[in-house]
Amino acid sequence: MKLTDITSGNLNAAEWEAKGYELPKFDIAAVAKKTHDEPTWLHFGAGNIFRAFPAAILNDALNTGKYDRGVIVAESFDYEIIDKAYRPYNNLSLLVSLQSSGTIEKKVIASVTESLKADKQFAEDWARLVEIFQAPSLQQVTFTITEKGYVFNDADLARGLSPVFAMGKLTALLVERYKAGALPVTLQSTDNCSHNGDHVKKGVLAYAERWVKDGLVEEGFLAYVQNPEKITYPWSMIDKITPRPHEKVQAMIAADGFEDNETIITEKKTFTAPFVNAEEVQYLVCEDTYTNGRPPLELGGALYTTRKTVDEVETMKVTTCLNPLHTAMSIYGCMLGYDLISAEMADEDLRAFIQKIGYMEAMPVVVDPGVLNPYEFIGTVINKRLPNPFMPDAPQRIATDTSQKLPIRFGETMKKYIARGLDKSNLVLIPLVLAGYARYLKGLDDNGNAFEPSTDPLLEELQAIVAPLELGNPANDYSCLKQLYTRKDVFAIDLYEAGFGEQIEGYVKELFAGPGAVRKTLHKYVSAR
């Protein structure tokens with residue numbers, strides 16, 4: 001069983017289906033030809049998340065028979081992905097959905113019709129990209145290039161119309177679309193970063209302004225990329241975990257006789273494969289502002305709404321329903337000796353800890369966005385996503401840059417309690433998370449053994465504040481904590497000024513009481529809540 005069998009005429013469909021593989025229900029060749037002649041969607045970023053999510057929901061839309069165009073993918077950073085993970089398999093891939101039950105679902109993704117290397121050194125590919133951008137049929141250009149992919153600098157701006165960075169390449173291609181008649185198109189980020197469309201807009205405008213200034217393009221081009229009737233930069237919220245190719249998954253599909261199960265590691269250290277393993281749960285909520293139409297991805301489960309609602313969905317996820325729970329688990333998981341989030345979910349104290357943070361303490365300040373129910377979202381996180389045995393996520397990874405995450409994940413909730421005049425005494429476990437951070441910074445687990453806190457730009461500075469505190473020393477002077485918990489850059493508010501300082505200080509004293517104090521304190525307050 002090989003992916004190329006599907007397009008070479010050697011497909012034994014009965015064998016694939018008997019082994020639980022869902023095959024495309026559409027005419028792959030017909031969709032590829034239609035897409036080549038009248039492209040509607042180009043995507044930058046050929047990584048695993050693209051194949052597991054945007055390409056997969058388009059595949060679902062095509063399976064309905066209500067749409068007839070695929071997606072063309074362009075890679076602007078790691079060209080080996082195209083050469084090793086796309087073209088040898090005729091752009092087909094296998095999506096392996098990792099179920100929380102420990103089982104897998106297998107689906108062949110055939111919605112990607114072309115794969116291109118987005119750089120002028122690949123002349124044929126670049127010419128095809130120009131052709132696509134000149135096509136009146138092009139509706140949207142989307143991105144999964146990570147937040148770092150939107151960067152630019154003076155050196156790249158100075159390279160003129162042959163830039164190196166992704167936003168520069170995009171802008172150079174937009175020049176071609178402008179020359180073809182200032183045709184409309186929407187530039188839609190689907191990266192997991194706040195207000196992601198603004199990252200695209202900032203990059204495009206920077207290059208356009210510089211090129212106008214340098215006389216490389218006419219002023220009308222700048223007006224074009226700033227005209228919301230021509231170009232839009234919508235926001236979106238995307239949420240789906242796609243880990244590196246999993247050895248357990250490789251073994252399971254190899255046992256079926258599926259031969260395309262090798263891991264590909266590029267020189268740039270991208271881990272990919274002809275298959276993508278991903279969690280079963282996924283969300284894509286997009287601001288519905290498209291200037292030239294769009295593919296009907298709602299047929300595959302995407303949600304289209306207003307910018308305000310996208311922002312509410314993101315706020316719900318980041319400040320209540322997912323990210324704060326992750327951070328609480330990472331701080332306490334590290335101190336309690338865990339190295340897997342899924343294993344933490346079998347710990348009654350930790351499971352109740354995050355349930356009560358989400359449902360009881362953070363939920364009162366959540367704005368229900370309407371398109372996703374906050375209670376159902378948390379329920380899915382707790383019952384499906386975090387316990388998933390296939391998810392090799394570790395509290396040590398999630399604890400990276402914790403000082404940068406605390407203001408949004410907890411500080412915003414506390415600020416809303418104050419702003420809305422809510423009863424602050426109802427906040428018990430969120431302050432316990434923040435108290436746990438002081439204990440975590442000490443780098444001692446609950447048994448008193450040293451562990452290495454995860455990397456953080458403020459790690460050494462914050463560790464110096466708690467350095468005088470000793471585990472099990474009744475003579476500790478906890479006045480040093482005022483230096484920590486008055487830091488608005490770390491907690492978004494001065495916690496003493498806000499009325500939480502003494503409460504948190506009391507928790508810290510309990511956490512430093514001696515070996516076993518972390519478990520004892522966690523159990524005490526979770527049980528009492």
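This passage walks through the strands, a pocket, the cysteines and two glycines of a predicted model.

We may begin with the sheet architecture. Six strands form an open sheet in the order 6-3-2-7-8-9, and their pairing is parallel. At its edges stand strand 6 (112-117) and strand 9 (231-232); each has a single partner strand, so one side of each is left without a neighbour in the sheet. Within this sheet, strand 2 (residues 41-44) runs parallel to strand 7 (residues 140-143), and 4 bridges join the two. One position along this pairing is W41, which stands opposite Q140 in strand 7. As a reminder, strands of a sheet pair through backbone hydrogen bonds, either parallel or antiparallel.

The antiparallel sense is seen elsewhere in the model, where strand 10 pairs with strand 14 (residues 283-287) over 4 bridges. Here S236 has C286 of strand 14 as its bridge partner. In a regular strand the side chains alternate between the two faces of the sheet. Strand 10 (residues 236-239) shows two such sets: S236 and I238 point one way, whereas M237 and D239 point the other way. Which of these residues are buried? All of them are, on both sides of strand 10.

C286 also serves as a reference point for the cysteines. The structure holds 0 disulfides, and the distances help to explain this. For C193, the closest cysteine sulfur is that of C286, and because 13 Å lies between the two sulfurs, they are too far apart for a bond. The sulfur of C321 likewise has that of C286 as its closest cysteine sulfur, at 19 Å, which is too far for a bond; the cut-off for a disulfide is 2.5 Å. Both residues are shielded from solvent in the computed accessibilities: C193 is buried at a relative accessible area of 6%, and C321 is buried at 0%.

Two glycines offer a friendly contrast in setting. G197 belongs to helix 10 (residues 196-213) and counts as buried because its relative accessibility is 0%. Beyond its neighbours within four places in sequence, G197 is in contact with S189, Y233, P234 and W235. For W235, the separation from G197 is 38 residues in sequence, yet the C-alpha atoms are 4.6 Å apart in space. G65, by comparison, sits in the loop between helix 5 and strand 3 (71-75), and its 62% relative accessibility is why G65 counts as exposed. From G65 to E80 there are 15 residues along the chain, and their C-alpha atoms are separated by 33 Å.

Finally, the second largest pocket holds about 180 Å³ of space. Its lining consists of E22, A56, D60, L95, S97, Q99, E105, K106, K107, K240, E280 and Q282. Helix 5 (54-63), strand 4 (93-98) and strand 5 (104-109) are the elements that each give two or more residues to this lining. Which element gives the most to the lining of the second largest pocket? Strand 5 does, with 3 residues. By residue class, the lining of this pocket comprises 7 charged, 3 polar and 2 nonpolar residues.

Notes
Residues numbered from 1 in each chain as written. Predicted model: local features only at pLDDT ≥ 70, side-chain atom pairs only at ≥ 80, totals over all residues. Heavy atoms only, no water. 1 Å grid on protein atoms, 1.4 Å probe; cavity = no way out; pocket = protein on both sides within 12 Å on 5 of 7 lines; lining within 4 Å. Points joined across faces, edges and corners; volume = space filled by probe spheres on them. Nonpolar A, V, L, I, M, F, W, Y, C, P; charged D, E, K, R; others polar. Buried < 20%, exposed > 50% of the residue type's maximum accessible area, 1.4 Å probe, protein only. Pairing = 2+ DSSP bridges. Contact = heavy atoms within 4.5 Å.
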